[in-house]
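User: Hi! Could you walk me through how some helices pack here, and where the empty space is?
Analyst: Happy to, let's have a look together.

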Amino acid sequence: MKMTEISIIMPVYNDEANIGRMIDSILLQSFNNWELIIVDDGSIDNSGKIADKYSENDSRITVYHQNNEGVASARQRGLDISSGRFIIYADSDDWMEKRMLEEMWVKAQSENADVVITDYYCDSINDGSKYCIQKPTSYDPNLIIHEFINNNLLGCLWNKLIRRDIYVKANAFFSPGINYCEDLLMLIRLFVGSNPSIIYLGRAYYHYRINDKSLTNRVTRASLDSMRKFHNETLKLLQNDYRIEELSHSFLINEFSIYFMNKLYNDKTELKERYLLIKNIIGKHTGLRWNLGYRCIEYGWIWLAHKLLRF
């Protein structure tokens, strides 16, 4: 029996309007030796039914239905089920160009690479399609991790073809309940745990769609608590990194500012407690305007702090 070369893992939750476009773009791939694993994470619309219909017509498509457990659980379920020599993820509201899988697979074979990173397109209703270059400044996995964390490179899985052996070597998994940057956390686990060989392919195939309406959604305490868990897990993984203190400080300040600006602290006591954690490190990691904003919190000038700390 011929082994599957590429497993495409796609979680979906209530995306009946877009899921067909992504599946169609996979069916049109010039590379045919793939399997598509769709994990329906408890959708209450027709997403699961649409996926099932595609599965009935193509044996390479498998659909798994589960209760709503979050994207991390859905990604892990797909990984557990998959069988391909290489793994790549896809989001149900995006789409990929015809030669994406073929050219990434050929690059991995010709360079004997564990990870292939490509550029991508960022598609927005308001701003059109933007080409995003993802060339690392170094191919050292430890340095690339910091490019992810510092947002110099995007820490997503859909523009990265990764050899299955790397997942096994790193004993990598998605952390249950961490649905904020769960893909970046996986990349950190993979890179720290396996020291993979990485290559860059300077072409874009994947169209990442920004849902402009979602930008106005209110940030919740639950989502930010997930962010805090992500920060804690990242610090554990990078505990031997010489920049760990700087990273820890950056995370603390980032958490505080997002909680504060979204008015998510429960009361003044919690606000004061969290502020004291960052008080002595503010000047080292923030500019003048932000430094003044934080000092306003200390003096109780909350209204002015909100003005100065605006993003």
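User: Which hand does the crossing of H9 and H10 have?
Analyst: H9 passes H10 in a left-handed crossing. Left-handed here means that the near helix is turned anticlockwise from the far one by less than a right angle. The helix names come from DSSP runs (H or I, at least four residues), numbered from the N terminus.

User: Before we go on, what kind of model is this?
Analyst: This is a predicted model, in which local features need pLDDT of at least 70, side-chain atom pairs count only at pLDDT 80 or more, and totals for chains, interfaces and linings use all residues. Residues are numbered from 1 along each chain as its sequence is written, and side-chain values use heavy atoms, with hydrogens and water left out.

User: OK, back to that pair. At what angle do H9 and H10 pack?
Analyst: The angle is about 150 degrees, and the axes of H9 and H10 are 9 Å apart. Axes are lines fitted to C-alpha atoms, for helices over the stretch in contact, and angles run from 0 to 180 degrees between N-to-C directions. H9 and H10 are therefore roughly antiparallel to each other, a label used for angles over 145 degrees, while those under 35 count as roughly parallel.

User: Which residues meet there?
Analyst: From H9 you have Leu252, Ile253, Glu255, Phe256 and Phe260, which meet Leu271, Arg274, Tyr275, Leu277 and Ile278 in H10. Contact means heavy atoms within 4.5 Å. By class, the contact of H9 with H10 has eight nonpolar, no polar and two charged residues. Ala, Val, Leu, Ile, Met, Phe, Trp, Tyr, Cys and Pro count as nonpolar, Asp, Glu, Lys and Arg as charged, and the others, Gly among them, as polar.

User: Now the empty space. How many cavities of 30 Å³ or more does the structure hold?
Analyst: The structure holds one, and about 30 Å³ of space lies in the largest cavity. On a 1 Å grid over the protein atoms alone, a cavity is a set of points where a 1.4 Å probe fits but cannot get out; a pocket is an open set with protein on both sides within 12 Å along at least five of seven lines, and lining residues have an atom within 4 Å of a point. Points are joined across faces, edges and corners, and a volume is the space filled by probe spheres set on them.

User: What lines the largest cavity?
Analyst: Its lining is Arg228, Leu252, Glu255, Phe256, Tyr265, Arg274, Leu277 and Ile278. H9 and H10 each supply at least two of the lining residues. The lining has five nonpolar, no polar and three charged residues.

User: And how much volume does the second largest pocket have?
Analyst: About 370 Å³. Of the 17 residues that line the second largest pocket, the closest to its centre are Lys268, Leu271, Lys272, Ile297 and Ile302. The largest share of the lining, five residues, comes from H10.

User: Different spot: how do H5 and H7 pack?
Analyst: H5 (residues 141-149) and H7 (residues 182-194) pack at about 165 degrees, with their axes 9 Å apart. That makes H5 roughly antiparallel to H7. The residues of their contact divide into ten nonpolar, no polar and no charged.

User: What about H7 and H8?
Analyst: H7 and H8 (residues 221-237) pack at an angle of about 5 degrees, with their axes 10 Å apart. They are therefore roughly parallel to each other.

Conventions: Parallel < 35°, antiparallel > 145°, perpendicular 65-115°, else oblique.
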